[in-house]
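Me: I have a structure open here and would like to talk through its pockets, cavities and odd backbone spots. Can we go through it piece by piece?

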Amino acid sequence: MIRKKSGEREGSRKSDQTGYGERLSRSEPPVDHSGNWAIPQGSEDAGAAQDFFRMSYPASWWGNMWREALPSGNGVIGASVFGGVREETVLLNHAKLWHWGRKDELPDVSDILPRTRALMDEKRYREASWLLADALKERGYGTKLASRFPLAAVRLVMPAGNAFRSYSRKLAMDSGEIEVAWMDGSIRYQRRLFVSRPDAAVVFELGSNGAAAVSGEVGLALHPSDRSGDTPEFKELERSVERGASAEGFSWFAARNDDGTDYGSVMLVRTEGGRLETRDGMIRMEEADRALILMKTFVKGERERDWVQLREELSALAAGTSYEELLKRHADVHRALYRSATLELGGDNDSGAYPDDEHPAAERLTNERLLLDAYEGEAPVALIRRMWAFGRYLFISGTDASSEAEPFGLYGLWGGDYRLVWSHNMANENTQMMYWHAHVGGLGELTPALYRYYEALMDDFRDNAKKLYGCGGIYIPAGTTPGIGVPNQIVPVILNWTGAAGWLAAHYAEHYRFTGDEGFRREHAIPFMREAVRFYEDFLVMDDRGKYLIYPSVSPENTPLNYMPKDGAALAHPMPTAINAAMDVAILRELLGNLIEASRTTGDASHAELEKWEWMREKLPSYEQNADGAVKEWLHPDFDDRYAHRHLSHLYPVFPGHEVMQETDYELFEAFEKAVRKREIGAQSGWSLTHMAAIYARLGDGGSALDCLDILTRSSLLPNLFTLHNDWRGMGVSMNMPTAPVQLDANMGFVNAVQEMLMQVHPGMLKLLPALPERLAHGRLSGWRFHTGTLSMKWNRAEGSFRAELHAERDADLLVKLPDWAKSIQITEGEAQPSELGETYWTIRLRKGESARLTTVME
């Protein structure tokens with residue numbers, strides 16, 4: 001039954017400009033907690049029971065306790081709270097603080113490409129693979145990527161009169177406040193900390209329920225290194241340290257970075273009651289009722305000048321201000337981001353995520369308890385929802401739209417050593433994964449740091465294309481760090497891969513689709529896509545069938561099976577250099593399509609250019625199937641598929657791309673499904689399990705998607721919910737590495753996988769509950785975004801009930817796929833017509849400000 005629209009909603013939402021696109025508006029649920037329809041209004045208590053988590057013990061990873069610290073951040077400054085009772089450490093980081101990189105002048109080795117191709121034409125692939133890398137090494141080229149590192153450590157020592165009891169750590173995700181609490185005899189101690197967005201400061205409070213019970217000493221120091229302490233570079237850093245304290249309650253710290261600039265911090269301690277003393281650069285507190293500690297940081301500065309400036313700023317901040325007032329000012333900003341999208345699963349609070357016969361008390365649902373339950377085989381729904389919320393929290397806390405921010409990185413703002421494993425921005429999977437979730441989850445306004453970062457390196461990228469391959473346009477190395485956009489990992493598996501620019505261009509295209517920002521499209525998206533295509537115009541060659549050859553071509557970071565060692569020797573990337581990797585073809589096909597669409601709409605391309613790009617797209621090879629009926633990873637007969645690998649690059653047309661869908665090519669869609677099911681689970685990593693989950697969700701298999709997330713929670717998840725690259729314990733469910741680096745890409749990938757199960761956004765198409773697993777059979781969400789508006793939805797599969805509201809922030813013409821089990825749907829408002837694709841498909845047209853409501857009609 002279809003009803004005609006009943007008029008526009010009053011008060012259409014407005015947006016602010018951010019410079020890289022419109023600030024995305026936020027909406028609250030259109031369904032109130034009683035299940036009645038309501039005009040969306042703010043709800044301060046929505047989901048409040050799920051907005052924090054507790055832990056029962058402090059950071060405990062021996063030698064690297066920062067790995068299990070609780071994180072807080074304002075997008076630029078990060079703080080990691082270890083949680084010690086007597087000796088506490090709070091580690092400070094800054095987005096702009098990097099060191100130990102080296103940038104060499106890139107030599108011109110463009111003469112190597114014809115020689116590489118000549119060897120490949122003779123099927124001498126192993127020899128060809130190393131030609132470019134060897135040429136750079138022979139010329140002494142040795143660029144090295146920089147690393148993030150800690151700015152300083154807050155050292156706090158407090159007396160412990162009795163053995164602690166009733167210990168807890170708590171993170172309030174909707175405010176970013178961390179609490180550490182315990183009993184010492186009859187006294188309850190509490191420490192609270194957050195990193196303020198509006199005040200650009202770390203705010204730390206010490207308190208108790210006893211009079212004059214707060215004593216101890218606090219100051220700033222250089223954090224020791226677990227991995228680099230004996231290196232000359234670290235010794236030089238140690239020698240540059242200067243620290244001190246004054247009777248006015250100030251403590252200060254500075255060190256010299258390898259670029260000759262200073263970085264550091266100033267702390268101000270204010271107490272209620274008691275007295276302050278100084279000793280050896282520390283501030284001693286005696287018998288205070290409570291203490292307020294404020295900290296500000298500086299980078300790329302000069303210590304004497306910045307110490308003076310920060311003392312003045314801290315004095316002004318502390319004047320007549322309480323911890324609670326500072327927290328409220330910050331939380332108002334942070335909470336608006338955090339609640340830009342909401343999700344409830346399995347009930348209205350965490351305890352409802354368990355079966356009815358085993359409701360635990362709220363205090364039982366610590367992270368430790370949930371992880372133990374996950375080891376039984378299935379992650380509790382409470383943990384699934386918590387991981388979705390925590391990943392969003394990390395993203396909000398770890399990046400920002402301001403010019404001081406950097407793209408969200410693999411360690412966020414919480415790395416704890418001086419040469420971190422893989423701390424660079426890696427664009428052959430990891431960087432992209434960390435941004436997949438952002439727009440759908442209402443966090444698109446935090447993405448400008450990504451575009452700004454890569455655009456700042458465009459001169460390097462143009463130089464790379466010219467000197468490596470003799471091409472115009474841009475070549476983006478997979479790995480980069482601020483200021484270093486030239487090749488750095490001089491091995492074939494990285495150097496011979498040309499797809500980074502095209503893959504990143506997809507994020508530009510999606511940003512425009514979600515914001516409709518014409519300025520961004522003309523000034524950023526189209527120029528970036530043009531440069532990426534310009535490279536391919538020179539790089540591609542034609543085969544004897546009139547189809548393009550992309551070579552050398554790499555499917556990150558895999559090697560064809562017939563080029564793996566016959567003796568099973570453990571080589572990471574023995575021979576990755578091939579022809580026509582399916583991913584390269586998919587990226588280029590998508591890139592050309594996006595550029596054609598954007599340029600045709602804006603008129604920014606000539607008719608001749610559009611015809612050329614259309615012709616290029618037609619000349620790309622088609623996807624092929626192997627003997628197993630699975631899509632081939634390399635579209636060339638010389639290379640055999642290898643299933644024992646973590647990367648899922650050849651699945652790009654299904655996810656993250658939109659090229660192959662069940663509705664458009666069912667036979668090819670099935671071949672992609674066979675390809676993912678052939679991947680061996682023992683070869684996966686933390687991040688690849690979340691990528692695989694998203695692919696299964698696109699395939700409509702919510703059960704398999706959730707299975708992947710279950711495995712992640714058993715193999716690559718720390719108690720503070722940081723994700724790891726891999727399991728390290730020989731459990732057989734991920735690739736085997738003796739180290740297990742923190743990699744927060746899987747935290748972001750987890751968020752995206754959950755969102756893909758519940759809503760999928762394609763150009764012109766929206767799928768609602770497309771891959772709903774049994775464990776998520778009822779729930780509600782609000783504020784989730786499709787390209788031209790927002791979605792709120794409530795469902796209960798057991799009851800057969802389904803409600804959704806689509807609100808258009810711009811004119812919308814959508815093909816909407818409803819869940820197969822939602823029968824007898826009534827659509828009110830908007831213009832809706834059944835689609836020829838089937839009874840669960842509807843075309844819905846909405847003008848800006850209009851809403852369509854979809855409801856099951858219960859028999």
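Reply: Before the pockets, a word on residue classes: Ala, Val, Leu, Ile, Met, Phe, Trp, Tyr, Cys and Pro count as nonpolar, Asp, Glu, Lys and Arg as charged, and the others, Gly among them, as polar. With those classes, the lining of the second largest pocket has 13 nonpolar, 12 polar and 4 charged residues. Please keep in mind that this is a predicted model.

Me: What is the average pLDDT, and what share of residues score at least 70?
Reply: The average pLDDT for the protein is 92, and 91% of the residues score at least 70. Residues 1-19 have a pLDDT below 50, although this stretch makes 49 contacts in the model beyond near neighbours in sequence. Residues 347-363 also have a pLDDT below 50, with 30 contacts in the model beyond near neighbours in sequence. Where pLDDT is low, the predicted coordinates should not be read in detail.

Me: Back to that pocket, how much space lies in the second largest one?
Reply: The second largest pocket holds about 560 Å³ of space. It is lined by 29 residues, and the closest to its centre are W422, H424, M426, Q489 and E557.

Me: And the largest pocket, which residues are closest to its centre?
Reply: The largest pocket has about 740 Å³ of space. Of its 41 lining residues, E510, E590, P656, G657 and H658 are the closest to the centre. Two or more lining residues come from each of α13 (500-515), α15 (582-602), α20 (745-758) and β24 (759-762), and α13 gives the most, with 7 residues. By class, this lining has 19 nonpolar, 12 polar and 10 charged residues.

Me: Which peptide bond there at P656 is cis?
Reply: The cis peptide bond joins F655 and P656, with omega about 10°. P656 is placed in the loop between α16 (607-618) and α17 (666-678), and P656 is also among the residues closest to the centre of the largest pocket. Another cis peptide bond joins Y551 and P552, where omega is about 0°, and P552 sits in the loop between β23 (548-549) and α15.

Me: Which cavity lining includes P552?
Reply: P552 belongs to the lining of the second largest cavity, together with I112, L113, T116, A128, S129, L132, L468, Y469 and N496. About 50 Å³ of space lies in that cavity, and the structure holds 8 cavities of 30 Å³ or more.

Me: How does that cavity lining divide by class, and where does the largest share come from?
Reply: The lining of the second largest cavity divides into 7 nonpolar, 3 polar and no charged residues. The largest share, 3 residues, comes from α1, and at least two residues each are supplied by α1 (112-121), α2 (125-129) and α11 (458-469).

Me: L132 caught my eye, so which residues of its helix are buried?
Reply: In helix α3 (residues 131-138) the buried residues are L131, L132, A133, A135 and L136. What covers these buried residues includes α1, α2, α11 and α12 (492-495), and L132 is one of the residues lining the second largest cavity. After α3 comes G140, which has a positive phi near 75°.

Me: Switching to strands, how many residues of β14 are buried?
Reply: Strand β14 (residues 250-256) is mostly covered, with 6 of its 7 residues buried. Strand β13 (residues 242-245) pairs with β14 in the antiparallel sense over 4 bridges, and A245 stands opposite S251 in β14. Strand β15 (residues 262-272) is joined to β14 by 7 bridges, also running antiparallel, and there A255 has Y263 in β15 as its bridge partner.

Me: Which glycines in those hairpins have a positive phi?
Reply: In the hairpin of β13 and β14, with 4 residues between the strands, G249 has a positive phi near 95°. In the hairpin of β14 and β15, with 5 residues between the strands, G260 has a positive phi near 90°.

Me: What about K300, which is not a glycine: what is its phi, and is it buried or exposed?
Reply: K300 has a positive phi of about 50° and lies in strand β18 (residues 290-301). K300 is exposed, with a relative accessible area of 54%.

Me: And L769, buried or exposed?
Reply: L769 counts as buried, because its relative accessibility is 4% and buried means under 20%. Its phi is near 50°, a positive value in a residue other than glycine, and L769 is found in the loop between β25 (765-768) and β26 (778-786).

Key. Residues numbered from 1 in each chain as written. Predicted model: local features only at pLDDT ≥ 70, side-chain atom pairs only at ≥ 80, totals over all residues. Heavy atoms only, no water. pLDDT = per-residue confidence, 0-100. Contact = heavy atoms within 4.5 Å. 1 Å grid on protein atoms, 1.4 Å probe; cavity = no way out; pocket = protein on both sides within 12 Å on 5 of 7 lines; lining within 4 Å. Points joined across faces, edges and corners; volume = space filled by probe spheres on them. Buried < 20%, exposed > 50% of the residue type's maximum accessible area, 1.4 Å probe, protein only. Pairing = 2+ DSSP bridges.
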